[in-house]
Amino acid sequence: MSTVFDFNGASGSGWSQPDSNFQNPDAVPESLRRKRLPGWPRASEPELVRHYTLLSQKTFGIDTGFYPLGSCTMKHNPRVNERIVQLPGIDRIHPLQDSSQVQGLLAIYYEMQEMLAICSGMDAVTLQPVAGAQGEFTAIRCIQEYHRSRGDDHRDKVIVPDSAHGTNPASASMCGYQIIEIPSASDGRLDIDALRAAVGDDTAAMMITNPSTMGLFETNIAEASKIVHEAGGQMYYDGANFNAIIGKTDPGRMGFDAVHYNLHKTFSQPHGGGGPGSGPIGVKDHLSEFLPTPIASRRESQEGEPNGVGDGFYYFWQDVGDNSIGKVQQWNGNAGAVVRAWAFYRRYGRDLERMSEHAVLSSNYLRHKIMNPEPDVAAKINCMPSEGSEASLVMHEFTLSMSPVKEVNGVTGKDVAKRLLDYGYMSPTLYFPQIVPECLMIEPTETESKEVLDKFAADFHAVLSEDPEILTTAPHTTPVKRVDEVWAARNLILRHPGIEED
Ligand SMILES: *Cc1c(COP(=O)(O)O)cnc(C)c1O
């Protein structure tokens, strides 16, 4: 298939650029000037449209099909969000504008901070971090400053369960902490005795997500918070799995001191392929003086002040104060992602509780469907914890082990995942959490119909009944066939062959 680099502009040029207002080319040092013109393609408008349309057909997204990528919450993104984020008062403003001219956006920021604090049981929120991982880093930095402010600088360890997302130990490590990993109990949940043995007067914090990446609710969480707090540590809640509990319970109640939210997961915002995301954090009062600065604030509007949103308040950016860790992002975070999430939250309000209920229902339904196939297929799957056991109810996602099928005919979790692509699905999350052998992790979300879940379960069973040869060489129908990941990682090619050196 031709690429845009194959077009030579024979039929004209499909782009136009504003005139350069660069007055003095001599101001660019000789060493930085191009030696020759860049080899950019020249394409006419129809060629350009075809190029991008063909590209869009080569990729896969939630708008194309079922995307059960566990932990990532790939739900439908309501289009009304896009209408709202493109309103001129939001779309056509600049971060350097005076507060008096951007009252609408500031009011949205303020309201979002308040709403996130309410649903998580926290006291203060910043919307600055632009990813869950950056939120983790920001919150752990606040916890670090909190300990320092109390002369507790000797605390140098952060505890994480072995089922944790890789970003948890990575964020703590970026703050200079040593990671203490604790093993999960045999039912996949937090091992409370292992936690007790791990805490000490060197514990700075524990990072944990609830429900866990196994899709299991940590029933011991209040006890865990007590153990960590008694040792003088802080409790950090990885909010990536908020979709399961919102409206039902909250991290504040469970004893957490700080939390991040993945607005792009829980509150809808197109994501995948690297962003853009938004990873605000919420903290309890004692940590609020360390938050990144500034945060959106408001006061009763005074005589002569504009009152853009008509509620009697004037909105402005407020400095957090001298103890703030500073800024973690230019301007004020990913405003577009914040506005979309705000629109989603405002649309549902208290009904967000129904969202969690449906996410959990979809997950349990699909798990049950997959785990109850024809007996010959049944021998090839395992779920953890096993069905029928006391702990068999899962939350918004669940894990399957492909170990049995590997033992029967050598087919791995990866082979099953690749073959699912041929059936028109995004692969489930693969080999994570690592404590489940040959793991596939499935999160259907609340926005899929029963028909889609039934079809996926049937197709999953069909895959397991196929000739192993078909699976081990899959995918067969995608634009890119099976890639050699090792080769691709070792020989990374970042330059398109159509672009010449220099
Ligand atoms: C997605 C995720 C994160 C990280 O969030 P990003 O926004 O991708 O940086 C952290 N923990 C868990 C459990 C996640 O699923």
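Reader: Why is Trp331 called partly exposed?

Author: Its relative accessible area is 41%. Buried means under 20%, exposed over 50%, and partly exposed in between, with a 1.4 Å probe and protein chains only. The value for Trp331 falls in between, so the residue is partly exposed. This is a predicted model, in which local features need pLDDT of at least 70 and side-chain atom pairs count only at pLDDT 80 or more, while totals for chains, interfaces and linings use all residues. Residues are numbered from 1 along each chain as its sequence is written, and side-chain values use heavy atoms, with hydrogens and water left out.

Reader: Where is Trp331 found, and between which elements?

Author: Trp331 is in the loop between strand S9 (313-318) and helix H11 (335-348). Helices (H or I, at least four residues) and strands (E, at least two) are DSSP runs, numbered from the N terminus.

Reader: What makes the phi of Trp331 worth a remark?

Author: Phi is near 50° there, a positive value in a residue other than glycine. Most residues other than glycine have a negative phi, and most peptide bonds are trans. Tyr431 also has a positive phi, about 55°, although it is not a glycine. Tyr431 sits in the loop between S12 and S13, and its relative accessibility of 33% makes it partly exposed. Just after helix H15, Gly424 takes a positive phi of about 90°.

Reader: Which peptide bond to Pro433 is meant, and is it cis or trans?

Author: The bond from Phe432 to Pro433 is cis, with omega near -5°. Pro433 lies in the loop between S12 and S13. The bond from Asn210 to Pro211 is cis too, with omega near 0°, and Pro211 belongs to the loop between S4 and H8.

Reader: Why is strand S5 (residues 234-239) called largely enclosed by the rest of the structure?

Author: Six of its six residues are buried, so the strand is largely enclosed. Gln234, Tyr236 and Asp238 point one way, Met235, Tyr237 and Gly239 the other way, and all of them are buried.

Reader: How do you know that S5 pairs with S6?

Author: Two strands pair if DSSP finds at least two bridges between them. S5 and S6 (residues 258-261) have four, in the parallel sense, so they pair. Tyr237 has Val259 in S6 as its bridge partner. S4 (residues 203-208) also runs parallel to S5 and is joined to it by four bridges, with Met206 partnered by Met235.

Reader: What unit do S4, helix H8 (residues 221-230) and S5 make?

Author: They make a right-handed β-α-β unit. A crossover is right-handed if, with the strands pointing away from the viewer, the path from the first strand over the helix to the second runs clockwise.

Reader: How do you know that Asp238 has no salt bridge?

Author: A salt bridge is a side-chain nitrogen of Lys or Arg within 4 Å of a carboxyl oxygen of Asp or Glu. The nearest side chain of opposite charge, Lys265, is 6.4 Å from buried Asp238. Charge here takes Lys and Arg as positive and Asp and Glu as negative, with His and the chain ends not counted. At 6.4 Å the cut-off is not met, so no salt bridge is assigned.

Reader: What joins the side chains of Asp238 and Asn168?

Author: A polar contact of 3.1 Å. Such a contact is a pair of N or O atoms within 3.5 Å; within protein, one must be able to donate a hydrogen and the other to accept it, and residues adjacent in sequence count only if both atoms are side-chain atoms.

Reader: Which salt bridge partner is missing for Lys284, and how far is the nearest side chain of opposite charge?

Author: Lys284 is buried, and the nearest such side chain, Asp257, is 5.4 Å away, so the 4 Å limit is not met. The side chain of Lys284 reaches the backbone oxygen of Phe256 at 3.2 Å. Lys284 lies in the loop between S7 (281-283) and S8 (295-300).

Reader: Why is helix H15 (residues 413-422) called largely enclosed?

Author: Eight of its ten residues are buried, so the rest of the structure largely encloses it. Among the buried residues are Asp415, Lys418, Arg419 and Asp422. The buried residues pack against S12 (429-430), S13, H16 (450-465), H17 (468-472) and H18 (485-490), where contact means heavy atoms within 4.5 Å.
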